[in-house]
Amino acid sequence: MRMNEVTAALGRGPAGDPGAPVFAFGGDYNPEQWPEEVWHQDVALMCEAGVNLVSVGIFSWALIEREEGVYTFDWLDRVLDLLHENGIFVDLADATASPPPWFSHRYPESLPVTADGVRLGYGSRQAFCASSADYRRAAASLTRAIVERYAEHPAVVMWHVHNEYGCHNQPCYCDASAAAFRRWLRERYETLDALNAAWATAFWSQHYTDWAQITPPRRSGAQINPTQQLDFARFSSDELLECCRAEVAIIHELASQPVTTNFMGFNMGLNQPVDYWRWADELDLISNDHYLAAEDERNFQELAMTADLTRGWAGGEPWLLMEHSTSAVNWQPRNLAKAPGELLRNSLQHAARGADGILFFQWRQSAAGAEKFHSALVPHAGTDSAVWREAVELGHALQSIREVVGSPVVDARVAILHDTDARWASEIDSHPSVDASNRAETRRWHDAFYRLGISTDIRRSTDELGGYALVVVPMQYLVTDAAAERLRAYVDAGGHVVVTYFSGIVDENDRVRTGGYPGAFRELLGVRMEQFVPLRAGGTVSLSDGAAGMSDGATGIIWSEQGRSTGAQVLATFTSGVAAGSPAITRNDVGDGRAYYVATALQHPHLTELAASIAREAGLEPLELPDGVEVTRRGDGERTWTFVINHSDQAVELPIAGIDLLGAADARATEAVRVAQGGVAVVRSS
């Protein structure tokens, strides 16, 4: 990953020390929305705030190519030159995210089609089908024209391909997509016999006798074949990846700067399929967009989880936060403003978990258009506003902690597995409970370790796990034989693993592993479950008291199971409901390690208590942190920087010795750090 090249280049600008890397700070800059005289005001304010990197041109296709093959760059020349003259660097987009009206009007079959057969119109953004040959040709031509012109421009330090792939327009069910899907299936299965076997087409008389008979999983009278749905999600991700690869290849041919595209974290679901694990190796650096769910009372923990996931895509190396918001967004049901200090806390949470750049959407708040009420660094109220003052404060804070840049996150001894395939497959219809969610269960376990001050990495089942003391496998519904064997080898070698309900159930083709649940993990866990017993909406099931390190009164939600131990020690049983008497939590000694099974969804505080107990058995020591206080560390081998972020409404004091880089100049050295309510400290220690 080449994030270090960007931060080093920024360090050579006016805001940095020559040769010393600095945090990237800035956001999407859309000067085309404003009269040219405003541009000069913008760059003056950027300098005041300490902005050193802006993304330019993301939605500029219509102004760069006003008619097919005719490019107009004079305005963009002036923008880039002005930024360069003021020491502000550019993440330059190839502008392919949103075709202009002339393109969609001339090539109407390039527009995406829904599962119901409705062809979507233009007039918004990203109105194209990834399988459209017309779109791909036009996007490649546009990319080449932009890169040929600006590859040597001194302001450009990185390239931005497209924008949020798969958002709004994928999957597409048109005839072009259908033909591409059939080609993809031929490559995957080679023969119709293999496809029919994988898709279990003997069910419901779905057997195919000709490739031409296969379509995308368009709307039908009943449930669509689940393996067809899963393969279409995989295909849709690969179609978008082909578009991305083509544009990245053009940039690599013509330019030397690193290339990225902005991912979207846990925001992506089955209906917007992108498998970012597969995409990560195609890019020079990883960037992500993140927006708080405003009404989620623990949205700061979801932010932390998504940052950990992004670091996983980056292979543990520094990454770039491409977008987040200074305050409210415009697209949630109730777009709540951020509280005082929340802008700084959110930003430094990302930095604490590996981000070496903090960018926003956008620089100046739009006066018109669909996102006019989306907050920005320069709000409608202008510089005489709390948002602007907090933005300037953030710029100063990032300068104060710039020595952190380039260092990895340390002490992540727990890995949480999250495979895109497993999530997609778990979200397909016709499952035991609509309440069972891979993402929600992943979040519950991440939250437990977050509360305990134990750093977590989010990895996939194909990654090397030997360096972790503990691996958590939350609702890994789909798992391959190789991944299950890898986990078994990890435990044999002394690792500790926790597997939750609805895991190991099917193989890569969504075929149930028969013989009892949890399928692929049955032998490892020493249990055999016979029947799922999901709960009614809002229902709970009680667990036996005083077991598994939990206090009395533990209850499960969503799920329970009937079954028995086949060798595992039963730590807690269900004591109510149909599953009463069956094991709820078990522990199985395997080789030199231990494997735990949790057959229900637990909530705080009992899940946190269980996680603490298991962590201690794995040799980890949880911290005693006040609720809402986050502790994360980065380090370079010689120094450690401890980020203490206080989301609570009470001041806290923690026994952390060192230099508080954000403290007052005459009070930075400390044996214990005190952080005000809603405040942040970054403490350097040797």
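This passage describes aromatic ring pairs and a related charge contact in the predicted model.

A pair of aromatic rings is described by the distance of the centres and the angle of the planes. On this basis, the count in the model comes to 31 aromatic pairs. One of the aromatic pairs is formed by W61 and Y135, whose ring centres lie 6.3 Å apart with 50 degrees between the planes, a tilted arrangement. Because W61 belongs to helix α3 (residues 61-64) and Y135 to helix α6 (residues 133-150), the pair ties together parts that are 74 residues apart in sequence. Both W61 and Y135 are buried.

A further pair involves Y477 and F502. The centres of these two rings are separated by 4.8 Å and their planes meet at 35 degrees, so the pair is classed as tilted. Distant parts of the chain are linked by this contact: Y477 is located in the loop between β14 (470-473) and α16 (481-492), and F502 in the loop between β15 (496-500) and α17 (522-525), 25 residues apart. Y477 is counted as buried because its relative accessibility is 5%, under the cut-off of 20%. F502, with a relative accessibility of 3%, likewise counts as buried.

Ring pairs also join residues into a cluster, which comprises Y173, F181, W184, W199, Y208, F232 and F235. In addition to contacts between rings, a charged group is placed against an aromatic side chain: the charged end of R364 sits over the ring of W34, at 5.5 Å from the ring centre.

How values were computed. Residues are numbered from 1 along each chain as its sequence is written. This is a predicted model: local features need pLDDT of at least 70, side-chain atom pairs count only at pLDDT 80 or more; totals for chains, interfaces and linings use all residues. Side-chain values use heavy atoms; hydrogens and water are left out. Rings of Phe, Tyr and Trp (its six-membered ring) pair if their centres lie within 6.5 Å; planes under 30 degrees apart count as stacked, over 60 as edge-to-face and the rest as tilted. Helices (H or I, at least four residues) and strands (E, at least two) are DSSP runs, numbered from the N terminus. Buried means under 20% relative accessible area, exposed over 50%, partly exposed in between (1.4 Å probe, protein chains only). A charge sits over a ring if NZ of Lys or CZ of Arg is within 6 Å of the ring centre and within 35 degrees of the ring normal.
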